[in-house]
Amino acid sequence: MTDPLETMAQRVAERVIDLIMDVLDVNALVGRVDVNAVARRVDVNAVVQQIDLNALARSVDVNPLLQQIDLNALLDRVDIDEKVLRKIDVNALLDRVDVNRLLQRVDVAALLDRVDVNRLLQRVDVALLLDRVDINGLLQRIDMDALVEQTDLGAVIARSSGGAASEALDAARSQAVGLDQFIDRWVQRALRRKHPAPSAPRALLNGQAEP
Amino acid sequence: MSARAQAALSVTAQGHYAGSVSRFLAYAIDLTVSSAVFALALAAISYIAKIVAGHQISWNRSNIVVAIIFVAWEFLYFGYSWAASGRTLGMAVLGVRVVRADGELINPWRGYLRALVFPLSFLLLGLGFLGILVQRERRALHDLIAGTAVVYAWDARAARLRFLAREAEPTARQPSVTGDVPAAHGR
């Protein structure tokens, strides 16, 4: 139960405060306060530590706030080239990127499905591409013997090249060459030649002429 | 020596100086063919004379006229062949050809010159041909005079591919396990 005297004292105090407030020029009073000095005396870190930022963030509805932001205007005001990109150490950034992991996440099949190969090929200058290809060098790297032995090309050649007559001719010529060289070896031994004889005329050895 | 090794040897020999066996076989073929053609021509002339004149002409090989005609025919056969393509029929069969001493193709006149001096190798008791065996460039006497040489000229590379293809073909002929019908080989 409240004391009647206390109740009376409270009413008097409220009345006095109202009278003072009516008389007091609060703006003038605030103008006389050195806010900077007050702010310097406030331990802001301590204040911030007491604030539950997460609770604060949860209570804020960010979406309406974001809707009010004109991102285009914001981006227009940002000088990305000068102020942002120059500060970024791209090499350091790339060092931190796990490219393999990144590539593992790339669906190459889906990527290729999106590529219009025909359109891509239309943009390729094939003539220029072929000019840069060393076709002779490429052909020299082909092992024709292995190609003929391991592919159906052999069967095609065998069927398209003269048949039995050609086969007999090849065999006869090969045998004749073998006998030539057999006799030549014995003649060279009999003559005891120290230096080997030239095997072919100069132009044929150098590839300047075809036999 | 295996057939494969033999074919490989032939590939490396392409463009090289042709040896005695190839050249002798080529000449034997040429002599056979040219003599056969000459004999056929004489027989044809006899037949025509019999029809036209009513009596048969007997060709005696020892007759000087026949001998001269035969020599002229041989000169024409060899000379024209060498002048036109650097090879006779026999040389084409054996895959050899006449080139200039430096390996370039011969001029027509050099082909005829070679045919003209060719008998010299015979007339010296066949010693003119000894150069094919002992001369460093396997050149006979008539080659030395005409400034020619004989080289292997057959497409040994293609021959080797054909050879390899024939060896690989039995593998290609085997029917696959999926039951495919093997391709027909019409040789």
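User: Which glycine sits just after helix 2 of chain B, and what phi does it take?
Analyst: Quick heads-up that this is a predicted model. Just past the end of helix 2 of chain B you hit B:Gly54. Its phi is positive, at about 90 degrees.

User: What end-to-end reach does helix 2 of chain B have, next to what you'd expect at 1.5 Å a residue?
Analyst: Helix 2 of chain B runs for 34 residues. At 1.5 Å a residue, the expected figure is 50 Å. From first C-alpha to last, the helix comes close to that, reaching 48 Å.

User: Which residues of helix 2 in chain B are buried, and what covers them?
Analyst: The buried set in helix 2 of chain B is B:Val21, B:Ser22, B:Arg23, B:Leu25, B:Ala26, B:Asp30 and B:Ser34. Their cover includes helix 3, helix 4, strand 1, helix 6 and strand 2 of chain B. It also includes an element from the other chain, helix 17 of chain A.

User: How are helix 17 of chain A and helix 2 of chain B oriented towards each other, and why?
Analyst: Their axes are 6 Å apart and meet at about 130 degrees. An angle over 145 would be called roughly antiparallel and 65 to 115 roughly perpendicular, so a value outside those ranges and not under 35 gets the remaining label. The two helices are therefore oblique.

User: Which residues make the contact of helix 17 of chain A with helix 2 of chain B, and how many of each class are there?
Analyst: From helix 17 of chain A come A:Ala176, A:Val177, A:Leu179, A:Asp180 and A:Ile183. Helix 2 of chain B answers with B:Ser20, B:Val21, B:Ser22 and B:Leu25. Sorted by class, that's 6 nonpolar, 2 polar and 1 charged.

User: Where is the largest nonpolar core built from, and which element gives the most to it?
Analyst: This core has 28 residues, and those with the most contacts inside it are B:Leu94, B:Val96, B:Val150, B:Val151 and B:Tyr152. Elements supplying at least two residues each include helix 17 of chain A, plus helix 2, helix 3 and helix 5 of chain B. Helix 4, strand 1 and strand 2 of chain B are on that list too. The most, 4 residues, comes from strand 2 of chain B.

User: What share of the residues is buried in chain A, and what share in chain B?
Analyst: Chain A has 18 helices and 0 strands, while chain B has 8 helices and 2 strands. For chain A, 7% of its 211 residues are buried. For chain B, with 187 residues, the figure is 36%.

User: In what order do the helices and strands of chain B come, and how much of its contact set is between residues 24 or more positions apart?
Analyst: Reading along chain B, you get α-α-α-α-β-α-α-α-β-α. Now take the contacts in chain B with a separation of 6 or more. Residues 24 or more positions apart account for 65% of them.

User: What do the buried residues of helix 3 in chain B pack against?
Analyst: Helix 3 of chain B has 22 residues, so at 1.5 Å a residue it should span 32 Å, which agrees with the 31 Å between its end C-alpha atoms. Its buried residues are B:Tyr77, B:Phe78, B:Gly79, B:Ser81 and B:Trp82. They pack against helix 2, strand 1 and helix 5 of chain B.

User: Is B:Leu141 buried or exposed?
Analyst: B:Leu141 belongs to helix 7 of chain B. Leaving out residues up to four places away in sequence, it touches B:Leu120, B:Ser121, B:Leu124, B:Gly128 and B:Gly131. A residue needs 20 or more C-beta neighbours to qualify as buried. B:Leu141 has 21 inside 10 Å, so it counts as buried.

User: Where is A:Arg192, and is it buried or exposed?
Analyst: A:Arg192 isn't a glycine, yet its phi is positive, about 55 degrees. You'll find it in the loop between helix 17 and helix 18 of chain A. It has 6 other C-beta atoms within 10 Å, so it is exposed.

User: Which loop holds B:Leu125, and is this residue buried or exposed?
Analyst: Most residues other than glycine have a negative phi. B:Leu125 has a positive one, near 55 degrees. Its loop is the one between helix 5 and helix 6 of chain B. With 9 C-beta neighbours inside 10 Å, B:Leu125 counts as exposed.

Note on methods
Residues numbered from 1 in each chain as written. Chains lettered and ligands numbered in written order. Predicted model: local features only at pLDDT ≥ 70, side-chain atom pairs only at ≥ 80, totals over all residues. Core = buried A, V, L, I, M, F, W, Y, C linked by C-beta atoms within 7 Å. Buried ≥ 20, exposed ≤ 12 C-beta atoms within 10 Å, placed from the backbone. Axes fitted to C-alpha atoms, helices over the stretch in contact; angles between N-to-C directions. Contact = placed C-beta atoms within 7 Å. Nonpolar A, V, L, I, M, F, W, Y, C, P; charged D, E, K, R; others polar. Expected span 1.5 Å × (residues − 1).
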